[in-house]
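Let's take a walk through this one together, starting with the overall picture and then zooming in on how the helices pack. Have the structure open and ready to rotate as you read.

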Amino acid sequence: MCKLFTFFLVFIAFFITNVFSESLNLTLEDAISVALKTNKDILLAEKDKQKYEELVKEAWGNVYPTISAEGSYIRNIDLPVLFIPPGTPFNPGTSTMTFSMGANNSFSASITALQILFSPKLNTGIQIAEKSKQYSKMTLLAEKSNVTLSIKKSFYSLLLTEKF
């Protein structure tokens with residue numbers, strides 16, 4: 001892909017100078033700058049680098065505590081009633097006894113905090129994410145170096161052909 005892009009860039013530069021009979025003043029730095037900004041492999045490597053940086057953040061997100069809060073409210077229009085039948089140890093009488101239970105309004109709230117103290121899986125996941133991030137940085141650097149080398153070779157080849 002890099003060689004194709006480089007060939008295409010050199011071909012366009014040569015084609016423009018020959019067809020329009022105008023000189024194209026493209027310095028080596030300009031050619032490298034254009035190639036580094038528009039090369040698809042470099043753009044993909046940069047996106048991969050961003051993706052792996054986000055994966056590292058995601059891995060570290062599992063280390064932080066998890067805090068949750070919950071609340072509830074119950075309004076009883078009629079209070080719940082407990083019936084105790086007659087002839088039992090709790091109701092020795094002959095009629096059914098009733099007991100009202102609860103309150104008209106009931107509130108409940110809870111807060112839960114969870115912190116992982118040690119997890120080998122979590123530590124391994126963070127290490128893998130960090131290594132992947134470093135690998136993606138090296139891949140990006142290698143792509144940039146390859147494109148720069150290809151542009152320099154093509155540029156100097158073009159200068160050599162113009163000289164002879």
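First, where do the contacts in this chain come from? Counting those with a separation of 6 or more, 72% are between residues 24 or more positions apart. Keep in mind that you're looking at a predicted model.

Now for the parts list. The chain has four helices and four strands, and if you trace along the sequence you'll meet them in the pattern α-α-α-β-β-β-β-α. Of the 164 residues in the chain, 19% are buried.

Let's pick out helix 4, which covers residues 120-163, and see what packs against it. Start with helix 3, residues 40-61. The axes of helix 3 and helix 4 come within 9 Å, with a crossing angle of roughly 165 degrees. An angle over 145 counts as roughly antiparallel, so that's how helix 3 and helix 4 sit relative to each other. The crossing itself is left-handed. If you sort the residues of this contact by class, you get 12 nonpolar, three polar and 10 charged.

Next, turn to helix 2, residues 28-38. The axes of helix 2 and helix 4 come within 10 Å and cross at roughly 140 degrees, and the two helices are therefore oblique to each other. This crossing is right-handed. Who's doing the touching? From helix 2 it's Leu28, Ala31, Ile32, Ala35 and Leu36; from helix 4 it's Lys144, Val147, Thr148, Ile151, Lys152, Phe155 and Tyr156. By class, the residues of this contact come out as nine nonpolar, one polar and two charged.

Stay with helix 2 for a moment and ask which of its residues are buried. They are Leu28, Ala31, Ile32 and Ala35. These residues span an arc of only 95 degrees around the axis, so they lie on the same side of helix 2. There's a simple bit of helix geometry to remember here: an α-helix has 3.6 residues a turn, so residues three or four places apart point the same way. Swing the view around to the other side of helix 2 and you'll find Glu29 and Lys37, which are exposed.

Put those views together and helix 2 reads nicely: Leu28, Ala31, Ile32 and Ala35 are buried, and they are also among the residues that helix 2 brings to its contact with helix 4.

Terms used:
Residues are numbered from 1 along each chain as its sequence is written. This is a predicted model: local features need pLDDT of at least 70, side-chain atom pairs count only at pLDDT 80 or more; totals for chains, interfaces and linings use all residues. Side-chain values use heavy atoms; hydrogens and water are left out. Axes are lines fitted to C-alpha atoms, for helices over the stretch in contact, and angles run from 0 to 180 degrees between N-to-C directions. Angles under 35 degrees count as roughly parallel, over 145 as roughly antiparallel, 65 to 115 as roughly perpendicular and the rest as oblique. A crossing is left-handed if the near helix is turned anticlockwise from the far one by less than a right angle, and right-handed if clockwise. Contact means heavy atoms within 4.5 Å. Ala, Val, Leu, Ile, Met, Phe, Trp, Tyr, Cys and Pro count as nonpolar, Asp, Glu, Lys and Arg as charged, and the others, Gly among them, as polar. Buried means under 20% relative accessible area, exposed over 50%, partly exposed in between (1.4 Å probe, protein chains only). The arc is that of the directions from the helix axis to the C-beta atoms.
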